[in-house]
Amino acid sequence: MTTVSAPDQTLAVAALPQQIIAAWAAHDAEAFAAVFTQDGSMILPGVYRKGQAEIRAFMTHAFAGPYQGTQVTGQPIDLRFLAEDVCLLTTEGGVLAAGESEVAPERAVRASWLAVRRDGQWKLAAYQNSPRD
């Protein structure tokens, strides 16, 4: 078993939001869903999806509809390891409409990311966001 340093683990977990941002920028539902574990869950206001297939299907529809032309942003505000292979990450961000450089208050969120290390890779076991204000 390879031991990974605490700073490297922290960087790997903190990179998860960047993977989501990149997948969103490409409107790539497959890449978005791949950040999650096979049985991962995603909770958004009014939405609950479980498993990569459900998350991928939801995001495919969303990128073609309400999220078309949007970007997403988020920055870690807290990161805590609950165990060696389990981390709770909290971020603040939201959806950027076309042409925006800052998230409008009505689209600003805080999110909880439950990350787990499986087969040496950090994945999302659960993601939930709620309005910031």
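1. Let's start with Arg-117, whose side chain makes a polar contact with the side chain of Glu-84 at 3.3 Å. A second polar contact, at 2.4 Å, links the side chain of Arg-117 to that of Asp-85. By polar contact I mean a pair of N or O atoms within 3.5 Å; within protein, one atom must be able to donate a hydrogen and the other to accept it, and residues adjacent in sequence count only if both atoms are side-chain atoms.

2. Before you go further, a word on what you're looking at. This is a predicted model, where local features need pLDDT of at least 70 and side-chain atom pairs count only at pLDDT 80 or more, while totals for chains, interfaces and linings use all residues. Residues are numbered from 1 along each chain as its sequence is written, and side-chain values use heavy atoms, with hydrogens and water left out.

3. Back to Arg-117: where does Arg-117 lie? You'll find Arg-117 in strand β5, which covers residues 108-118. Arg-117 has a relative accessible area of 17%, so it is buried. Here buried means under 20% relative accessible area, exposed means over 50%, and partly exposed is in between (1.4 Å probe, protein chains only). Try finding Gln-68 too: Arg-117 and Gln-68 are 49 residues apart in sequence, and their C-alpha atoms are 31 Å apart in space.

4. Now the overall picture. The protein has four helices and six strands, and along the sequence they come in the order α-α-α-β-β-α-β-β-β-β. The radius of gyration of the protein is 15 Å, close to the 14 Å that the globule rule gives for 133 residues, so the protein is as compact as a globular protein of that length. That radius is taken over C-alpha atoms, and the globule rule is 2.2 Å times the number of residues to the power 0.38. As for the secondary structure, helices (H or I, at least four residues) and strands (E, at least two) are DSSP runs numbered from the N terminus.

5. Some whole-protein numbers come next. The C-alpha trace spans about 45 × 30 × 25 Å along its principal axes. Of the 133 residues, 38% count as buried. Among contacts with a separation of 6 or more, 48% come from residues 24 or more positions apart; a contact means heavy atoms within 4.5 Å.

6. Strand β4 is worth a look. Thr-90 sits in β4, residues 86-96, and Thr-91 is in β4 as well. Thr-90 counts as buried at 17% relative accessibility, and Thr-91 is buried with a relative accessible area of 4%. Leaving aside neighbours within four places in sequence, the contacts of Thr-90 are Gln-75, Pro-76, Ile-77, Asp-78 and Ala-111. With the same kind of neighbours left out, the contacts of Thr-91 include Pro-17, Val-109 and Arg-110.

7. Which residue's side chain does a polar contact of 2.7 Å join to that of Thr-91? The partner is Trp-113.

8. Ala-111 is in strand β5 and counts as buried at 2% relative accessibility. Apart from neighbours within four places in sequence, Ala-111 is in contact with Leu-89, Thr-90, Thr-91, Tyr-127, Gln-128 and Asn-129. Ala-111 and Ile-43 are 68 residues apart in sequence, yet 9.7 Å apart in space, C-alpha to C-alpha.

9. Ile-77 belongs to strand β3, residues 71-83. Not counting residues up to four places away in sequence, Ile-77 touches Thr-90, Thr-91, Glu-92 and Arg-110. For Ile-77 and Ala-64, the separation is 13 residues in sequence and 30 Å in space, C-alpha to C-alpha.

10. Finally, two loop residues to check. His-27 has phi near 50°, a positive value in a residue other than glycine. His-27 lies in the loop between α2 (16-25) and α3 (29-34). Asp-119 also has phi near 50°, again positive in a residue other than glycine, and Asp-119 is placed in the loop between β5 and β6 (121-131). Are these two loop residues buried, partly exposed or exposed? His-27 is partly exposed, with a relative accessible area of 25%, whereas Asp-119 counts as exposed at 85% relative accessibility.
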